[in-house]
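Biologist: Could you take me on a close look at one part of this model, the packing of sheets and helices in the first chain and the place where it meets its partner? I would like one connected walk through it, please.

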Amino acid sequence: MNQNNIFKKIYNQFFKYSPQNEYNFFLTTENVKDIENTPVSPAKDLEPTNFYTNIQENLNFIKTKYNSLINSDIIIREFVITARNKEYNAAIIYIDGMVESKIINASVLNPLMLRNRANTYTGDEKEIVSEFNNNDVVIRKIKKFNLQNYIMDHLIPQNDVKHIEKFEEAFSGINMGNCFLLVDTINVGFDIDVKGFKQRSVSNPQNEIVIRGPQEAFVENIRTNTSMIRRIINNENLVIENCSVGEITKTKVAICYLKDITNNDLVAEVKYRINNLDIDHLTSSGQLEQLIQDNASSLFPQLLATERPDKTVTHILEGRVAIIVNGTPYVLLAPGVLSDFLSSPEDTNFKFQFSDMLRLIRLVAIFFALFLPGIYVAVTAYHHELLPTELLFTIEAARETVPFPTIIEILLMEVSFELIREAGLRVPSPIGPTIGIVGGLILGEAAVNANLVSPVLIIIVAITAICSFSIPDFTFNFTIRICRFIYIFLGYMAGFLGIAVGLFIQIIFLSNLKSFGAPYLTPYMLHNNKRAATSYFLPPIWKRENRSNVVSPKKKYSQGKISMLWKNNKVK
Amino acid sequence: MSVIAVLIAWFISYLFKKFQGKDILDVCEFLGGNTLKIIMGIFYIFLLILVPMFVIKNFSETLQLIYFRTSPLIYIVLFFLVSSTITNKFSIKVLAKANLIIIPIVFLSIIVILLSSIKDFTPQRIFPILGYGANETFLMGLSNLFSYSGICYLLFLNPFINKTTEFKKISIISIIISGIYLFLSVTCILLSLSFTFKSGESFSLYLLTRNLEYGRFIQRIDAVFILIWIISTISYISIAIYFCIYVFKKITKISDSSSINYTINLLILGLLILPSNFATLNNIIGKIFKYSSLILIFGISILILISANIKLGIINKKKGRV
């Protein structure tokens with residue numbers, strides 16, 4: 001038996017395949033350069049900036065930059081074009097998947113490569129620029145042949161073509177989905193707009209739902225977003241300026257404002273901040289928001305983020321600046337003050353009485369969302385006398401079997417609730433509601449039955465949760481959630497004394513906060529914001545003649561003193 | 001007393017008319033050079049340290065008595081000082097903005113107290129109108145002007161305000177608001193509480209709020225008023241310490257105030273521990289501090305302002321002759 005085992009062992013060692021279980025891979029740190037991020041890398045100084053007249057030299061450089069040997073989606077198509085019956089080497093460069101092939105074929109390759117009336121033009125017939133008759137002598141001004149202009153004017157029947165002289169501009173165009181045309185003997189190229197990548201179509205807003213307002217939201221494509229804004233504003237004073245952010249990504253950012261309304265200083269400040277960012281990449285408007293806000297350490301959001309074109313337009317018409325980042329369906333609005341985060345785009349669609357009632361309810365909801373758990377802790381620990389005796393007995397009786405102090409009890413439930421909320425957001429949408437049911441009903445009920453928390457506390461946490469859901473702005477909700485925990489601790493530490501201290505410090509911080517020069521607490525103080533659509537409690541629509549003075553707009557009034565002319569027999 | 005205080009505020013703003021953008025320390029420098037400025041600055045620092053110290057001590061002891069019987073006094077005191085330290089990292093504009101939110105709430109609270117306690121008012125308690133007699137009320141009672149020792153801040157406010165007319169407006173309106181608040185408070189206490197309660201001195205208004213009830217459900221809401229008063233007290237302390245730092249910076253010509261902020265708050269904490277009990281503190285306030293601050297604010301400061309105006313008049317007259 002033993003001999004048998006020995007043979008088996010020898011056989012296995014020599015002939016049996018045993019897979020290697022260990023696989024060691026390490027990332028070396030030798031290539032990591034500990035140098036400061038500079039806008040221009042030192043190697044760039046040695047690179048050519050302008051095009052050569054020789055197409056091969058240009059192509060070689062482009063191929064090197066794009067690593068075209070290993071990059072599968074960089075297409076370089078070389079061909080010969082005919083102009084004035086002469087042949088020139090040419091090439092187009094584009095990224096597969098980002099262009100519309102049909103447009104390239106029909107508007108670029110066909111007219112350039114196939115023989116037609118334009119490219120067989122011999123040149124004997126000079127191009128006449130102007131002609132006039134002087135004493136029966138015809139004087140003609142004739143344009144000298146210029147290949148660059150000839151191609152531009154006769155051979156590329158495409159609406160958006162630009163002359164490019166620098167490699168950098170060419171790369172930027174190619175990266176954005178344009179097609180780049182190079183022709184031998186000329187040191188300029190042609191940036192041709194043939195974008196055609198797949199993108200999400202305009203759909204309903206997901207997070208800012210309204211009943212009576214428009215039902216379309218921004219998408220990831222910057223041009224679609226700007227067109228949505230332009231379509232609503234419908235005025236030539238709307239300016240949409242473009243710039244790019246990020247050394248690597250060169251993300252397109254559009255700055256939109258109304259030239260005749262928005263304060264020049266505000267526009268200049270927005271542009272100044274965006275143009276002075278030393279970052280490699282920008283992938284969302286959320287990142288840009290953090291990079292350009294006044295106080296980065298503050299808990300409070302200082303720019304409005306919205307997915308709704310109508311809300312964006314309302315604020316642009318008030319004199320604010322909208323910032324659109326390519327690739328993000330959320331547009332930033334600067335400046336953002338406290339009242340903006342408490343308002344819903346729905347408010348202006350309703351009669352002022354309904355809107356004001358909703359806004360009042362929202363204020364109450366924010367108060368409860370912020371203070372209720374803290375007040376509960378403070379009352380149960382220090383200020384029993386605030387509660388009527390019967391209620392106090394009920395609470396105490398419910399808490400009798402709970403082994404934890406109130407602070408542990410409330411933290412347990414608040415943290416559980418935050419977990420349920422986070423889990424509900426992250427899980428796939430079909431099982432999202434299940435998480436809510438499991439967390440909300442089963443966990444809460446089980447916690448009460450197990451005497452981990454008192455039933456009163458469940459009510460407190462539930463009210464707080466419902467109130468926090470009524471906050472219209474998602475980012476402001478985060479602020480309230482964090483502040484709530486601070487107030488819980490302060491309430492536990494010193495009851496109302498702690499809460500009062502916390503509230504005072506919060507008021508101080510808010511009073512100090514500014515967003516693009518606008519005091520954050522506007523319109524509550526130092527700014528008379530009456531009769532404006534941005535005042536927290538809305539006046540009737542015919543009384544909203546003032547623009548918001550938060551942004552000091554160029555035009556003070558947005559409507560006439562008497563807006564309903566028909567009612568006053570003052571018809572135009 | 002309120003009328004006298006308004007007149008004094010008007011007079012101070014009138015005396016500052018020729019010293020636009022200058023505070024009392026600048027006026028001292030103009031009158032008696034750097035020496036007078038430093039001497040007066042030290043006096044003002046003493047005053048501005050002692051005022052928040054007494055307020056914190058008084059309020060903290062009351063809070064300890066009501067809610068925090070098992071907590072040491074220093075624990076309560078630290079809440080006030082930490083908040084004032086944080087607040088004083090910001091500018092006076094921020095403090096002013098914060099007060100624009102706080103003051104209406106405080107004012108609303110006293111109106112709620114007034115309306116709620118009307119049912120307990122006994123008009124007969126107003127008698128005798130002259131109290132202990134005309135002499136006691138009008139002459140000895142002048143020392144009650146101490147309630148308006150906040151006028152002291154007007155002496156330093158001028159550089160923060162651009163126009164002289166604005167300064168005058170602010171001075172008078174602020175004293176009128178304080179006067180109305182004081183009048184409403186005194187009315188509530190005088191007409192609602194019996195003499196024995198009033199003689200207790202400490203937090204008479206709190207004792208009044210304990211009796212407020214609205215139906216069967218809300219029977220004791222004094223804690224809500226305490227919350228409002230805590231906020232207003234922190235605001236008051238912060239302003240006093242702000243001006244203390246301001247005076248210190250001005251006489252020492254230091255540009256960075258962050259270290260002074262910590263030092264002054266720590267100094268107040270140290271001073272707070274000195275008086276052994278509430279009675280000692282009341283003794284110090286009633287006998288020494290009350291009269292010395294009255295002399296400094298309403299006596300010496302106004303005297304300096306008058307003298308400086310005379311000096312300025314003489315100088316201008318001489319210039320006119322030349």
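Modeller: Happy to, and we will go from the domains to the two sheets and then to the helices where the chains meet. Please keep in mind that this is a predicted model.

Let us begin with the layout. Chain A is divided into domain 1 (49-192), domain 2 (222-336) and domain 3 (357-519). Between domain 2 of chain A and domain 3 of chain A, the C-alpha centres lie 34 Å apart. The two are in contact through 15 residues of domain 2 of chain A and twelve residues of domain 3 of chain A. On the domain 2 side of that contact, helix α7 (residues 264-275) of chain A gives the most, with three residues. By class, this side of domain 2 of chain A has nine nonpolar, four polar and two charged residues.

Now to the sheets. One open sheet of five strands in chain A has the order β1-β2-β6-β7-β5, with antiparallel pairing. Its edges are β1 (74-83) and β5 (161-164) of chain A; each has a single partner strand, so one side of each is left without a neighbour in the sheet. On average, neighbouring strands here are turned by 25 degrees against each other, direction ignored. At the β5(A) edge, four bridges pair this strand with β7 (residues 189-192) of chain A in the antiparallel sense, and Val161(A) stands opposite Ile192(A) in β7(A). Helix α4 (residues 147-155) of chain A packs on this sheet and touches β1, β5, β6 (179-183) and β7 of chain A. The direction of α4 makes about 95 degrees with that of β1(A).

Another open sheet of five strands in chain A runs in the order β8-β9-β11-β12-β10, again with antiparallel pairing. Here β8 (238-245) and β10 (304-306) of chain A stand at the edges, and one side of each has no neighbour in the sheet because each has a single partner strand. Neighbouring strands of this sheet are turned by 25 degrees against each other on average, direction ignored. Strands β9 (residues 251-258) and β11 (residues 321-325) of chain A run antiparallel and are joined by four bridges, with Ile255(A) opposite Ile323(A) in β11(A). Helix α6 (residues 222-233) of chain A packs on the sheet, in touch with β8, β9, β11 and β12 (331-334) of chain A, and its direction makes about 10 degrees with that of β9(A). Helix α9 (residues 309-318) of chain A also packs on the sheet, touching β9, β10, β11 and β12 of chain A, at about 55 degrees to the direction of β9(A).

That brings us to the partner chain. Chain A puts 23 residues into the contact and chain B puts in 25 residues. The chain A side has 17 nonpolar, five polar and one charged residues. Within this meeting of chains, helix α16 (residues 474-512) of chain A packs with helix α3 (residues 73-87) of chain B at an angle of about 5 degrees, their axes 10 Å apart. Therefore α16(A) and α3(B) are roughly parallel to each other. From α16(A) come Ala494(A), Leu497(A), Gly498(A), Val501(A), Phe504(A), Ile505(A) and Ile508(A), which meet Ile76(B), Phe79(B), Ser83(B), Ile86(B) and Thr87(B) in α3(B). By class, that helix contact has nine nonpolar, three polar and no charged residues.

Definitions and conventions: Residues numbered from 1 in each chain as written. Chains lettered and ligands numbered in written order. Predicted model: local features only at pLDDT ≥ 70, side-chain atom pairs only at ≥ 80, totals over all residues. Contact = placed C-beta atoms within 7 Å. Nonpolar A, V, L, I, M, F, W, Y, C, P; charged D, E, K, R; others polar. Domains from an automatic or database assignment. Helix = DSSP H or I, 4+ residues; strand = E, 2+ residues; numbered from the N terminus. Pairing = 2+ DSSP bridges. Axes fitted to C-alpha atoms, helices over the stretch in contact; angles between N-to-C directions. Parallel < 35°, antiparallel > 145°, perpendicular 65-115°, else oblique.
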